[in-house]
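Please read the points below alongside the model. They are ordered by where they begin, not by weight.

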Amino acid sequence: MAKASYGCLGTGIQPVPRTLPDSGDYLWGAAAKGVMCANLLHGVHIEGCVDKNPFKQGKFVPGTGYPVISPTDITFPTVRAVLVENDVYLEEIQLEVMKLDPRIQVYSLHLALHIGTDTVDLFP
């Protein structure tokens with residue numbers, strides 16, 4: 001069986017299998033790291049990206065077509081969970097999302113993916 005290849009990232013990187021169809025999971029951030037993560041997870045588990053930059057909102061993530069929405073546009077159940085790529089901002093984003101809608105869960109992307117395993121388990 002051929003392994004997936006993602007260009008400069010090398011070969012052997014396997015996409016994380018989707019565990020929840022139409023999950024309502026969004027990445028926080030549509031800058032370079034967000035675009036990279038969205039492309040690596042494309043078709044797997046993400047519905048779009050949330051970004052504070054008004055110049056990105058209403059547009060789409062290159063390579064995936066995921067919509068980029070404003071934090072003020074996130075509402076439950078459309079957005080069930082927000083995945084934070086940079087753990088440095090996790091607490092800040094948790095507080096912001098809590099003010100917007102406390103039903104939306106906020107997770108570290110690294111922990112949500114259980115790096116080193118083969119499944120996404122956001123809702124244990």
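1. Glutamate 47 lies in the loop between α1 and β2. The model is a predicted one, and every value here is computed from it. At 23% relative accessibility glutamate 47 is classed as partly exposed, because the partly exposed class runs between the limits of 20% and 50%. Its C-alpha atom is 9.6 Å from that of valine 68, although 21 residues separate the two along the chain.

2. Proline 54 sits further along, in the loop between β2 (48-50) and β3 (68-69). Is proline 54 buried or exposed? Its relative accessibility is 56%, so proline 54 counts as exposed; the cut-off for that class is over 50%. From C-alpha to C-alpha, proline 54 is 9.0 Å from isoleucine 69, with a sequence separation of 15 residues.

3. The overall fold can be stated briefly. The protein has three helices and five strands, and their order along the sequence is β-α-β-β-β-α-β-α. Of its 124 residues, 37% are buried. Among contacts with a separation of 6 or more, 50% are between residues 24 or more positions apart. The exposed surface comes to about 7200 Å², and carbon and sulfur atoms supply 61% of that area.

4. Helix α1 contains valine 35. Once neighbours within four places in sequence are set aside, valine 35 is in contact with Ala30, Val61 and Pro62. For one of these partners a backbone distance is available: valine 35 and valine 61 are 26 residues apart in sequence, and their C-alpha atoms are 6.1 Å apart.

5. Cysteine 37 is also a residue of helix α1. Its relative accessible area is 9%, so cysteine 37 is buried. Beyond its neighbours within four places in sequence, cysteine 37 is in contact with Leu27, Glu85 and Leu109. The C-alpha atoms of cysteine 37 and glutamate 85 are 7.9 Å apart, across a sequence separation of 48 residues.

6. How many disulfides does the structure hold? The count is zero. Cysteine 37 takes part in none, and the nearest cysteine sulfur, in cysteine 49, is 8.7 Å away. Seen from the other side, the closest cysteine sulfur to that of cysteine 49 is the one in cysteine 37, and 8.7 Å is too far for a bond; the cut-off for a disulfide is within 2.5 Å. Cysteine 49 has 0% relative accessibility and therefore counts as buried.

7. A cis peptide bond deserves a look in the viewer. The bond joins phenylalanine 76 and proline 77, and its omega is about 10°. Proline 77 is placed in the loop between β3 and β4 (81-84).

8. The last point concerns a pocket. The second largest pocket has a volume of about 290 Å³. Its lining consists of 15 residues, and those nearest the centre are Trp28, Gly29, Asn86, Tyr89 and Ile93. Which helices each supply at least two residues of this lining? Both α1 (32-40) and α2 (90-100) do. By class, the lining of the second largest pocket holds seven nonpolar, five charged and three polar residues.

Definitions and conventions:
Residues numbered from 1 in each chain as written. Predicted model: local features only at pLDDT ≥ 70, side-chain atom pairs only at ≥ 80, totals over all residues. Heavy atoms only, no water. Helix = DSSP H or I, 4+ residues; strand = E, 2+ residues; numbered from the N terminus. Buried < 20%, exposed > 50% of the residue type's maximum accessible area, 1.4 Å probe, protein only. 1 Å grid on protein atoms, 1.4 Å probe; cavity = no way out; pocket = protein on both sides within 12 Å on 5 of 7 lines; lining within 4 Å. Points joined across faces, edges and corners; volume = space filled by probe spheres on them. Nonpolar A, V, L, I, M, F, W, Y, C, P; charged D, E, K, R; others polar. Contact = heavy atoms within 4.5 Å. Areas by Shrake-Rupley, 256 points an atom, 1.4 Å probe, with all protein chains shown as cover.
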